[in-house]
Amino acid sequence: MSDYLLEEDTLSPGKIYRLFSGSICPRPIAWVSTRDARGNANLAPFSFFNVVSVNPPVLGFSPLLDGEGQAKDTIRNLDEVPECVVHISGEGLVEEMNATSAGLEHGDDEFVHAGLEKVAMPGVSVPRVAGAPVAFGCRLREIIRFGDQPLAGNLVLAEVVSIHVDDALWDGRHVSAEGLRPIGRMAGNDYSRTDDLFVVERPSSG
Ligand SMILES: Cc1cc2nc3c(=O)[nH]c(=O)nc-3n(C[C@H](O)[C@H](O)[C@H](O)COP(=O)(O)O)c2cc1C
């Protein structure tokens, strides 16, 4: 057994990253498109991601500063154009999603790099991925920045203003997990599938 008191035991950021990514998993993946002020589109996946509010509807995801303490293109773009589209790729687009994690030059378009078609998303000026089964058009609420050191988080709180959902997956009440086939990010290059679900009944609220 190991216990670490972070005030006293120096754990490197790399070690903390590996403890987080190996134990806080599987993580959902936000596949986020943004654009810069000149109109260049950008697309990248982020698994530090979740719902943070339903009413108002707000999603949170966190692009870290890179190993040199530099902001990723997604944050640079949100500082220029405060809008994004958060897609849920599902297993069907996992290769394309992974391809968009490549570190391209600022201004280079991952839609083109991954061979993805763009379509307009209502309510925002940022394009969405044409084949994505679920997508949320968002306006930036705020970015909480945790410093300027390497791997510092930048928590993006994005309010949903429009929703795209494939009618084959959504009956107006439930999203079909078999249809969406959402995937989870584990540590390193590992992913989990969601085709072995099980049911746990909630306790009655009394
Ligand atoms: C599945 C997956 C999840 C990722 N999650 C994160 C994350 O939560 N935070 C982060 O900083 N980088 C994450 N990355 C790495 C970024 O996608 C990568 O640095 C990308 O180049 C950032 O793109 P950008 O510079 O266009 O914003 C992830 C990569 C993959 C493949």
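Helices (H or I, at least four residues) and strands (E, at least two) are DSSP runs, numbered from the N terminus. Keep that in mind as you work through this predicted model.

**Exercise 1. Find the element that gives the most to the shell around the ligand.**

Step 1: Start with the shell itself. The ligand is surrounded by 17 residues, and Ala-44, Phe-48, Lys-72, Asp-73 and Thr-74 are the closest.

Step 2: Look for elements that supply at least two residues. These are strand E2 (41-46) and helix H2 (73-80).

Step 3: Pick the top contributor. That's E2, with four residues.

Step 4: Sort the shell by type. You get seven nonpolar, seven polar and three charged residues.

**Exercise 2. Work out how the protein's radius of gyration fits the globule rule.**

Step 1: Take stock of the elements: the protein has five helices and eleven strands.

Step 2: Compare two numbers. The radius of gyration is 18 Å, and the globule rule gives 17 Å for 206 residues; these are close, so the protein is as compact as a globular protein of that length.

Step 3: Add the outer dimensions. Along the principal axes, the C-alpha atoms fill a box of roughly 55 × 50 × 35 Å.

Step 4: Check the contacts. Of those between residues at least 6 apart in sequence, 64% join residues at least 24 apart.

**Exercise 3. Describe the largest nonpolar core and say which elements build it.**

Step 1: Begin with burial: 28% of the 206 residues count as buried.

Step 2: Go to the core. The largest nonpolar one has 30 residues, and Ala-30, Val-32, Phe-61, Cys-84, Val-85, Val-86 and Cys-138 have the most contacts inside it.

Step 3: Trace those residues to elements. Two or more core residues come from each of strand E1 (30-35), E2, strand E4 (58-61), strand E5 (83-88), strand E8 (134-145) and strand E9 (154-165). E2 gives the largest share, four residues.

Step 4: Zoom in on one member. Leaving out residues up to four places away in sequence, Ala-30 touches Pro-45, Phe-46, Phe-49, Leu-59, Phe-61 and Val-86.

**Exercise 4. Decide whether Pro-56 is buried or exposed.**

Step 1: Locate Pro-56: look in the loop between strand E3 (49-53) and E4.

Step 2: Count the neighbours. Pro-56 has 9 other C-beta atoms within 10 Å.

Step 3: Apply the cut-off. A residue with 12 or fewer is exposed, so Pro-56 is exposed.

Step 4: Try a distance. Pro-56 and Glu-105 sit 49 residues apart in sequence, and their C-alpha atoms are 35 Å apart in space.

Notes
Residues numbered from 1 in each chain as written. Predicted model: local features only at pLDDT ≥ 70, side-chain atom pairs only at ≥ 80, totals over all residues. Near = placed C-beta within 6 Å. Nonpolar A, V, L, I, M, F, W, Y, C, P; charged D, E, K, R; others polar. Rg over C-alpha atoms; globule rule 2.2 N^0.38 Å. Buried ≥ 20, exposed ≤ 12 C-beta atoms within 10 Å, placed from the backbone. Contact = placed C-beta atoms within 7 Å. Core = buried A, V, L, I, M, F, W, Y, C linked by C-beta atoms within 7 Å.
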